[in-house]
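Thank you for asking for a note on this structure, which is set out below for a reader who has not met it before. Please keep the sequence and the coordinates at hand while going through the points.

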Amino acid sequence: MKKAIIVGASSGIGNELAKILVENGYEVGITGRRKPELEKMRESRPESYVISSFDCTTENNTEKLTDLTNKLGGLNLLILSSGTGDLNEKLNYEIENKTNLLNVNAFTEIVDWTFNYFEKEGKGHLAAISSIAGIRGSRMAPAYNASKAYQINYLEGLRQKATKTKKPIYVTDIRPGFVDTDMAKGEGQFWVATKEKAAQQIFKIIKRKKSVGYVTKRWRLIAGILKRLPSGIYRRM
């Protein structure tokens with residue numbers, strides 16, 4: 001049986017992905033801060049789920065992931081679906097710091113542990129959910145967009161590193177647009193996908209072992225526009 005861990009499975013996209021993986025023959029280690037939600041999932045399929053409740057920003061992620069992997073009896077795929085971000089036009093430092101603690105510090109510890117584990121094993125697949133927001137900065141949520149840019153670049157570095165190992169290690173960067181979860185904030189949202197639809201598309205991206213995938217697929221068009229938009233115009237938006 002294939003083994004997977006989803007970091008951030010107690011709600012949203014991670015929760016839906018856990019269900020999809022189980023339906024496709026995986027035994028899944030699920031993590032999150034909300035232990036009751038994880039326990040509900042385990043009760044629904046006790047033979048398929050192993051739970052580990054912890055806060056990525058305050059606990060030893062390396063120790064927790066090692067322990068969970070041992071309980072699973074191995075690891076083929078890790079999906080990092082944990083992230084945070086708030087609108088912060090007034091630049092409240094506490095909001096920015098909270099975002100960076102999870103999206104930068106915890107992210108780095110988790111993906112480093114994962115890559116090192118797969119390099120030691122000689123194979124594996126890391127998939128992390130970044131965001132289309134990482135393509136440009138934002139006056140409304142500076143730390144969120146900046147932290148997602150960090151993730152995008154870090155994952156590219158890991159893909160380069162994986163190529164140098166000449167081992168079948170895959171690193172997938174999944175960049176959603178708007179998805180109907182608690183993370184979706186602000187007015188003027190469009191092309192909002194359900195979490196179920198987003199998770200299905202993410203699973204297809206992972207199965208194809210793509211380097212980068214946009215969810216939903218039409219957001220690739222917006223990404224192209226954002227990359228090419230002159231700085232002088234973007235600055236005035």
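The numbered points that follow take up the cores, two helix pairs, a buried histidine, one further helix and some backbone features.

1. The structure is a predicted model, and the points below should be read with that in mind. Its largest nonpolar core has 29 residues, and the residues with the most contacts inside this core are Leu-17, Leu-21 and Ile-30. Two or more residues each come from strand E1 (2-7), helix H1 (12-23), strand E2 (26-32), helix H2 (35-44), strand E3 (49-53), strand E4 (77-80), strand E5 (124-129) and helix H6 (195-207). A second core, separate from this one, has 27 residues, among them Leu-68, Leu-72, Leu-80 and Ile-169. As general background, nonpolar side chains in soluble globular proteins tend to be buried together.

2. Which residues does Leu-17 touch, if those up to four places away in sequence are not counted? They are Ile-6, Ile-79, Ile-129, Ala-199, Ile-202 and Phe-203.

3. Helices H1 and H6 pack with their axes 9 Å apart and at an angle of about 55°; because angles from 35 to 65 degrees fall in the oblique class, the two helices are described as oblique to each other. The crossing is right-handed. On the H1 side the contact is made by Gly-12, Ile-13, Glu-16, Leu-17, Ile-20 and Leu-21, which meet Lys-195, Glu-196, Ala-198, Ala-199, Gln-200, Ile-202 and Phe-203 of H6. By class, these residues divide into eight nonpolar, two polar and three charged.

4. The other helix pair consists of H3 (residues 61-72) and H4 (residues 93-121), whose axes come within 9 Å and cross at roughly 40°, so that H3 and H4 are likewise oblique to each other. Here too the crossing is right-handed. H3 contributes Asn-61, Thr-62, Leu-65, Thr-66 and Thr-69 to the contact, while H4 contributes Ala-106, Glu-109, Ile-110, Trp-113 and Tyr-117. The contact comprises five nonpolar, four polar and one charged residues.

5. Is His-125, a residue of strand E5, buried or exposed? With a relative accessible area of 6%, His-125 is buried, because the cut-off for a buried residue is under 20%. Apart from its neighbours within four places in sequence, His-125 is in contact with Asn-76, Leu-77, Leu-78, Phe-118, Tyr-170, Val-171, Thr-172, Ile-206 and Lys-209.

6. In helix H7 (residues 219-228), the buried residues are Trp-219, Ile-222, Ala-223, Gly-224 and Leu-226. Strand E7 (212-215) and helix H8 (231-235) are included in what covers them. The loop between E7 and H7 holds Thr-216, and the peptide bond that leads from Val-215 to Thr-216 is cis, with omega near -10°.

7. Two residues other than glycine deserve a look for their backbone angles, given that most such residues have a negative phi. Leu-91, in the loop between E4 and H4, has a positive phi near 55°, and with a relative accessible area of 56% this leucine is exposed. Lys-166, in the loop between helix H5 (142-165) and strand E6 (169-176), has a positive phi of about 60°, and at 77% relative accessibility Lys-166 also counts as exposed.

Terms used:
Residues are numbered from 1 along each chain as its sequence is written. This is a predicted model: local features need pLDDT of at least 70, side-chain atom pairs count only at pLDDT 80 or more; totals for chains, interfaces and linings use all residues. Side-chain values use heavy atoms; hydrogens and water are left out. Buried means under 20% relative accessible area, exposed over 50%, partly exposed in between (1.4 Å probe, protein chains only). Helices (H or I, at least four residues) and strands (E, at least two) are DSSP runs, numbered from the N terminus. Contact means heavy atoms within 4.5 Å. A nonpolar core is a set of buried Ala, Val, Leu, Ile, Met, Phe, Trp, Tyr and Cys residues joined through side-chain atoms within 4.5 Å. Axes are lines fitted to C-alpha atoms, for helices over the stretch in contact, and angles run from 0 to 180 degrees between N-to-C directions. Angles under 35 degrees count as roughly parallel, over 145 as roughly antiparallel, 65 to 115 as roughly perpendicular and the rest as oblique. A crossing is left-handed if the near helix is turned anticlockwise from the far one by less than a right angle, and right-handed if clockwise. Ala, Val, Leu, Ile, Met, Phe, Trp, Tyr, Cys and Pro count as nonpolar, Asp, Glu, Lys and Arg as charged, and the others, Gly among them, as polar.
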